[in-house]
Amino acid sequence: MKLITHNMLTSKSLRGVNVGFPLKICATEVKEIAVDFNPEFVARMIPKLDWDALCQAAESLGCLNDLPRSVNPNHENDEEFLKKAHHVLLEVEVIAGELVCPETGRKFPINEGIPNMLLNEDEV
């Protein structure tokens, strides 16, 4: 699971959950996998992200490094910023572990990089 995916997941569909975001990552295996740099894609995605949640997730995995804690207002033209964001969003991958709902503690497994967000009937 890439951190760009994590940034868009929520457990809001669980009964009794109001926000369900951001999900806490408890990773048991993380890999860095090289992906071709596409500055236009990264620049278009940045406004759609919850930047604080991204930084929190990256920090919990030990890969925040020198990614700024706030978005550069001129990020479209800052290639160094875009490369740092690209690395965290697309090259850091959680292979195994769990996502944890911040409101209920419900755990969602991550296996082979795929988060399983399916709910039981009694949880909906």
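Trainee: Contact means heavy atoms within 4.5 Å, right, so which residues of helix 3 and helix 4 meet?

Mentor: Trp 51, Leu 54 and Ala 58 in helix 3 meet Phe 81, Ala 85, Val 88 and Leu 89 in helix 4. Helices (H or I, at least four residues) and strands (E, at least two) are DSSP runs, numbered from the N terminus. Two notes on the source before we go on. This is a predicted model, where local features need pLDDT of at least 70 and side-chain atom pairs count only at pLDDT 80 or more, while totals for chains, interfaces and linings use all residues. Residues are numbered from 1 along each chain as its sequence is written, and side-chain values use heavy atoms, with hydrogens and water left out.

Trainee: What classes of residue make up the contact of helix 3 with helix 4?

Mentor: There are 7 nonpolar residues, with no polar and no charged ones. Here Ala, Val, Leu, Ile, Met, Phe, Trp, Tyr, Cys and Pro count as nonpolar, Asp, Glu, Lys and Arg as charged, and the others, Gly among them, as polar.

Trainee: And at what angle do the axes of helix 3 and helix 4 cross?

Mentor: Roughly 65°, and the axes of helix 3 (residues 51-60) and helix 4 (residues 79-91) come within 11 Å. Axes are lines fitted to C-alpha atoms, for helices over the stretch in contact, and angles run from 0 to 180 degrees between N-to-C directions.

Trainee: Which residues in helix 4 are buried?

Mentor: Among them are Phe 81, Leu 82, Ala 85, Val 88 and Leu 89. Buried means under 20% relative accessible area, exposed over 50%, and partly exposed in between, with a 1.4 Å probe and protein chains only. The cover over the buried residues of helix 4 includes helix 1, strand 1, helix 2, helix 3 and strand 2.

Trainee: What does helix 4 give to the largest nonpolar core?

Mentor: Helix 4 gives the most, with 6 residues. That core has 34 residues, and Leu 89 is one of those touching the most other members. A nonpolar core is a set of buried Ala, Val, Leu, Ile, Met, Phe, Trp, Tyr and Cys residues joined through side-chain atoms within 4.5 Å.

Trainee: What does Leu 89 touch?

Mentor: Leaving out residues up to four places away in sequence, Leu 89 touches Lys 2, Leu 3, Ile 4, Val 42, Leu 49 and Leu 54.

Trainee: Switching to the sheet: what is the order of the strands?

Mentor: The 4 strands form an open sheet in the order 1-2-3-4, with antiparallel pairing. Two strands pair if DSSP finds at least two bridges between them. The edge strands are strand 1 and strand 4, as each pairs on one side only. Helix 4 lies across strand 1 and strand 2, at about 60° to strand 2.

Trainee: How many bridges join strand 2 to strand 3?

Mentor: There are 4, and Leu 99 stands opposite Phe 108 in strand 3. The side chains of strand 3 alternate: Phe 108 and Ile 110 point to one face and are buried, while Lys 107, Pro 109 and Asn 111 point to the other and are not.

Trainee: Last one: is Lys 12 buried or exposed?

Mentor: Lys 12 is exposed, because its relative accessible area is 52%. Lys 12 lies in the loop between helix 1 and strand 1. Leaving aside its neighbours within four places in sequence, Lys 12 is in contact with Val 17, Asn 18, Val 19 and Gly 20.

Key:
Contact = heavy atoms within 4.5 Å.
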